[in-house]
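Please walk through this structure with me, beginning at the ligand and working outward to the overall fold.

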Amino acid sequence: TIDVKGIPGELGYFTHDPSFGTTASCESEITFIDGDKGVLLHRGYPIEQLAENSNYIETAYLLIHGELPNAEEFATFSNIIRRHTMINESLKKFFDGFRHDAHPMSMMMGVVGSLAAFYHDGLNMNDEEHLMVSAHRLISKLPTIAAACYKHSIGEPIVYPRNDLDYCENLLYMMFSVPCEDYVVSPIAAKALNLLFILHADHEQNASTSTVRLVGSTGANPFACISAGIAALWGPAHGGANEGVLTMLDEIGSVENIPKFLEKAKDKNDPFKLMGFGHRVYKNFDPRATIIRKVCYEVLEETGTQDPMFELAMKLEEIALKDEYFVERKLYPNVDFYSGVIYKALGIPVSMFTVMFALARTSGWVSHWLEMMADPKGRIGRPRQLYKGSPKRDYVSLDER
Ligand code: ACO
């Protein structure tokens, strides 16, 4: 707490916590993290158990409702999510307005935000049921939009959702099927995607979730809130890291070049950072990274992929973890160090990696948004600042300056 007297006015005391390293911005019952012990719980359930036994839609239900669904609740929820997968035909026209080489995350921000223009009538922000329908629409429609972004980027027609398929199968189908050709969704790919999506579903007050909450605290339309979350996620320090890891591994190219890149990462005059390394909260290990490394082995084996990038990533991890700089600063691989290698093995293009993260995180974003909206004590989020600028002075006219 810093006395801010000495700057104009008697402003009293503020807590100055740049980058919110030690500030809890809200109370929440959704996700617990113990960064020192590498613990991650969703509604009390360890991430390891969810990864082993659950599926993405069940985990989404857990995040939103606080309990695991029974069989009937799961069937009802799954059906609701399947039922909302279609997008308005007019929305399809939005894609024609984007350049063919637009980054899919830029299209996601725009198109998801534009859903606000389609679903505003009758949206009563005081009615829990209305809010829940928005949450369902977001979870259901984002894969359809994501696949359409991908199809636009490769110049193929948009594929309509097939509601006999489950969430991950449908996503793969919409991305990879081509009209008039049979496409069978690979069960290995659907299983791996389910697991990756569980691991990315929520992570308490990370930058994008905090953004969703801050925008939501103004009473903004839910689709606008999630679009803002997508924007925050895109940055390379956050969700953009999964794309960054593959680009970095590509640049490193071979094991001999690793020391050179480690030196670059340590050089404070060089903006380069080891992508997929470090985390604000985890200072021992990221439990998601431990799971993902194991899955990486399995997926590469099951898909028969021999990826030199995986070998390179493992070598990079091994060398970095012995390096004093990374040891001292407790910098370990995070969830996205290996996720890109898996996505690549599943045939998902690098530019879509962060989009995959956004789809998974949607369940977390909407859970936090719903929790915040249900709080009767909720107030608009409004941080203060420490003013460091000029003291009060008088305006000088242009001809006297
Ligand atoms: N490579 C090299 N040095 C690093 C890295 C890295 N990846 N990460 C942190 N450091 C250094 C910092 O420069 C700092 O050094 P200093 O003490 O000499 O000044 C020290 O380690 C502490 O790091 P902070 O910057 O305080 O860490 P912060 O909590 O602010 O940032 C972040 C965390 C953004 C994840 C950071 O580690 C980073 O940029 N990593 C690479 C990008 C990445 O993988 N992001 C994904 C995060 S996980 C997710 O969103 C899913």
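In this predicted model, 18 residues surround the ligand, and those that come nearest are Ala241, Lys273, Phe277, Gly278 and Arg280. By residue class, the shell around the ligand holds eight nonpolar, six polar and four charged residues.

The UniProt record, an unreviewed entry, carries the annotation "active site" for His279 and Asp336. These two positions are spread over 58 residues of sequence, yet they cluster in space, with a largest C-alpha distance of 10.7 Å.

Each of the two can be placed in turn. Histidine 279 sits in the loop that runs between helix H12 (258-266) and helix H13 (287-302). Is histidine 279 buried or exposed? Histidine 279 has 22 other C-beta atoms within 10 Å, and it is therefore buried, the threshold being 20 or more. Once its neighbours within four places in sequence are set aside, the contacts of histidine 279 are Asp286 and Asn334.

Aspartate 336, in contrast to a loop position, belongs to a helix, namely H16 (residues 336-345). Aspartate 336 also counts as buried, because 29 other C-beta atoms lie within 10 Å. Which residues does aspartate 336 touch, not counting those up to four places away in sequence? They are Ala241, Asn242, Val245 and Gly276. Of these, Ala241 is also among the residues that come nearest to the ligand.

Helix H13, which follows the loop of histidine 279, contains two further residues to look at. Proline 287 has its place in H13. Proline 287 is buried because 22 other C-beta atoms lie within 10 Å. Leaving out residues up to four places away in sequence, proline 287 touches Gly38, Val39, Leu40, Ile47 and Glu48. Proline 287 and alanine 71 are 216 residues apart along the chain, and their C-alpha atoms are separated by 29 Å.

Lysine 294 lies in H13 as well. Why does lysine 294 count as exposed? Lysine 294 has 12 other C-beta atoms within 10 Å, so it is exposed, the limit for that class being 12 or fewer. From lysine 294 to methionine 174 the C-alpha distance is 28 Å, with their positions 120 residues apart in sequence.

Among the contacts of proline 287 are Val39 and Leu40, which leads to the strands. Strand E4 covers residues 39-42 and pairs with E3 in the antiparallel sense over four bridges. Valine 39 in E4 is the bridge partner of aspartate 34. Four residues lie between the strands in this hairpin, where glycine 38 takes a positive phi near 70°. Glycine 38 is also one of the residues touched by proline 287.

Strand E3 (residues 31-34) has two faces. Thr31 and Ile33 make up the covered face, whereas Phe32 and Asp34 make up the uncovered one. Strands E3, E4 and E5 form, in that order, an open sheet with antiparallel pairing. The edge strands are E3 and E5 (45-46), each of which pairs on one side only.

Helix H2 (residues 56-65) is mostly covered, as eight of its ten residues are buried. The buried residues are Tyr56, Ile57, Thr59, Ala60, Tyr61, Leu62, Leu63 and Ile64. Glycine 66 comes after H2 and has a positive phi, near 90°.

Taken over the whole chain, the protein has 17 helices and five strands. Its C-alpha trace spans about 75 × 60 × 50 Å along the principal axes. How does the radius of gyration stand against that of a compact globule? For 401 residues a compact globule would have a value near 21 Å, and the protein has 23 Å, which agrees. Of the 401 residues, 40% count as buried. Among contacts between residues at least 6 apart in sequence, 75% join residues at least 24 apart.

Definitions and conventions. Residues numbered from 1 in each chain as written. Predicted model: local features only at pLDDT ≥ 70, side-chain atom pairs only at ≥ 80, totals over all residues. Near = placed C-beta within 6 Å. Nonpolar A, V, L, I, M, F, W, Y, C, P; charged D, E, K, R; others polar. UniProt positions renumbered as here; feature names shortened; annotations may be inferred. Contact = placed C-beta atoms within 7 Å. Pairing = 2+ DSSP bridges. Rg over C-alpha atoms; globule rule 2.2 N^0.38 Å.
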